[in-house]
Amino acid sequence: MFIWYTKNMKKVLAFDIDQTLNIAKTPIPDEIADLLKKCLNHFEICPISGQKFDQFLVQIVNRLKDPTKEELSHLHLFVAQGTQYYRFNTSKNDWELVYSYPLTDEQVKKISETIEKSARELGYWEEDKLQPGDEIIENRLSQVTFSALGQKASTDDKYAWDPDCKKREKIVAKCKEYAPEFDYEIGGTTSINAITPGMNKEFGMTHLLEELKVEKKDILYFGDMTQPGGNDYPVVKMGIDTITVRNHEDTAYALRGILEVIK
């Protein structure tokens, strides 16, 4: 892989987050934080995920050890599958929103009702398992996300709920019956992201190409849900070079190899 990599040097390393850079819904581990910080000196680093901006900060940005303004200027946050893009403004020493494509209130309402109805009919509405203050359906502005056990459930419970994605596949099928005008993607360990057609990672990666002024051949993407129906699959369909990983350990192994090659 690394011989191939040296022959096809990339400018951008793009990443899914959950199961690719971390254990789902947890801050990235020390090794990943250290590797990403080193990569910022050689590449544009672009995490792209269905999560909210605040989660990008908690899970990635705040884990980087004493990053410089210059390093942060090479970190690009493609939030909610890239339908929102934040970059670091070195003069203001803060993150700025470059663009956002939110859903309408009517769309959010229709999606939320559809997902709840579908999950309840299938017996997968786990409201009784929620922790205080948590929620199953979350409005992330440009997408609505179903998290079967909420955001605060333990990692072990999340992994155990739907390891083969079969429950979520059934929910998605039911949602398509009731509201076929939306797209539904499986991601993370318990999640389904509902969006308007085309507002998936292909949308985000297309904007990444425009914003960073690079070509597809300049990008290497890491993701764990690269199978058809997974939320990383649109990147694969675009023809962007992709490394499918099982977990953050696989990603760390690949990054160590890349950094060794470019020393």
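When I call a residue buried, I mean it has under 20% relative accessible area, and exposed means over 50%. Keep that in mind, everyone, and thanks for coming. One more thing before we start: this is a predicted model.

Let's begin with helix α5, residues 105-122. Which residues of α5 are buried? They are Val108, Ile111, Ser112, Thr114, Ile115, Ser118 and Ala119. These residues cover an arc of only 165° around the axis, so they sit on the same side of α5. Now turn to the face pointing away from that buried side: there you will find the exposed residues Asp105, Glu106 and Lys109.

What do the buried residues of α5 pack against? Their partners are four strands and a helix, namely β6 (137-139), β7 (144-147), β8 (183-187), β9 (191-195) and α7 (166-178).

We can also check the length of this helix. With 18 residues at 1.5 Å a residue, α5 should span 26 Å, and its end C-alpha atoms are indeed 26 Å apart, so the two agree. Just past the end of α5 comes Gly123, with a positive phi of about 80°.

Next, the sheet. As a reminder, strands of a sheet pair through backbone hydrogen bonds, either parallel or antiparallel. Here we have an open sheet of 4 strands, in the order β2-β1-β10-β11, and the pairing is parallel. Which strands are at the edges? Those are β2 (44-47) and β11 (241-244), each pairing on one side only. From one strand to the next, the twist averages 20°.

Let me zoom in on one pair. Strand β1, residues 12-15, runs parallel to β2, and 4 bridges join them. If you want a spot to find on screen, look for Phe15, which stands opposite Pro47 in β2.

Two helices that pack on this sheet deserve a mention. Helix α8 (residues 201-212) touches β1, β2 and β10 (219-223), and its direction makes about 150° with that of β10. Helix α10 (residues 248-261) touches β1 and β10, and its direction makes about 155° with that of β10.

Finally, stay with α10 and bring in helix α2, residues 30-39. How do these two helices pack? Their angle is about 35°, and their axes are 10 Å apart. The crossing is left-handed. On the α2 side, the residues in contact are Glu31, Ile32, Leu35, Leu36, Lys38 and Cys39. They meet His248, Thr251, Ala252, Leu255, Arg256 and Leu259 in α10.

That's my tour, and I'm happy to take questions!

Definitions and conventions: Residues numbered from 1 in each chain as written. Predicted model: local features only at pLDDT ≥ 70, side-chain atom pairs only at ≥ 80, totals over all residues. Heavy atoms only, no water. Pairing = 2+ DSSP bridges. Axes fitted to C-alpha atoms, helices over the stretch in contact; angles between N-to-C directions. Contact = heavy atoms within 4.5 Å. Expected span 1.5 Å × (residues − 1). Buried < 20%, exposed > 50% of the residue type's maximum accessible area, 1.4 Å probe, protein only. Arc of directions from axis to C-beta. Left-handed = near helix turned anticlockwise from the far one by under 90°.
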